[in-house]
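Here are a few notes from a look through the model, in no strict order. Have it open alongside as you read.

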Amino acid sequence: MKSNQIIVFTFFIALAIVAIESCKKETKISSTGKTKSHNIGKNCMDCHKKRGDGEGIFTAAGTVYDSVKTNVLPNVTLKLFTGPNGTGDVKYTIPVDGLGNFYTTETISYGSGLYPAIVGATTTKFMISSITTGQCNGCHGVTTAKIWAKQ
């Protein structure tokens, strides 16, 4: 009798672990107008990484500012192209939220590099060089200028 109870107990523990792990793998992506993000201008991947304190493992994240670089630029869009200056294909599109932050846990294949662009209502600002990581605030606002664009 006890061996059946142990088997049933072990089975339910395994189910609980699977349920917890599947919750952790839920896709998270920023959304236009939402204001649930935080730590504007900080390197998101300091926490949103494997075994990090943040919820989800981000594959791309950062903050967008206006042309003055002191105010965030909310509700624009980040696009990742296969070629410079908007050439090639758009591989990924990530909305910037109402606080100027963008993030995603979706799988991004950077390959030998993707070219970011911030798309506003009337203008698009292209990054000249390609990126192979989505840790945008790891450099922008630290060793290079903040990510900025015009609405």
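**Notes on the core, the sheet and a loop residue**

1. Start with V64, which is in contact with V72, L73, V76, V96, G100, F102, I118 and I147, leaving aside residues up to four places away in sequence. Keep in mind that this is a predicted model.

2. V64 also turns up in the largest nonpolar core, a set of 18 residues. It is listed there with L80, F102, I108, Y110 and I118 as the residues with the most contacts inside that core. Strand 1, strand 2 (77-81) and strand 3 (90-95) are the elements giving two or more residues to it.

3. There's another core, lying apart from that one, with 5 residues. Among them are C44, F58, A61 and Y103.

4. Now the sheet: it is open, has 3 strands in the order 4-1-7, and its pairing is mixed. Which strands stand at the edges? Strand 4 (101-104) and strand 7 (147-148) do; each has a single partner strand, so one side of each has no neighbour in the sheet.

5. Strands 1 and 7 run parallel and are joined by 2 bridges. V64 comes up again here, since its bridge partner in strand 7 is I147, a residue also on its contact list.

6. Last, have a look at N43, in the loop between helix 1 (2-24) and strand 1 (60-65). Is N43 buried or exposed? Its relative accessible area is 16%, so it counts as buried, the cut-off being under 20%. Beyond residues up to four places away in sequence, N43 touches Q135, N137 and G138.

Technical notes:
Residues numbered from 1 in each chain as written. Predicted model: local features only at pLDDT ≥ 70, side-chain atom pairs only at ≥ 80, totals over all residues. Heavy atoms only, no water. Helix = DSSP H or I, 4+ residues; strand = E, 2+ residues; numbered from the N terminus. Buried < 20%, exposed > 50% of the residue type's maximum accessible area, 1.4 Å probe, protein only. Contact = heavy atoms within 4.5 Å. Pairing = 2+ DSSP bridges. Core = buried A, V, L, I, M, F, W, Y, C linked by side-chain atoms within 4.5 Å.
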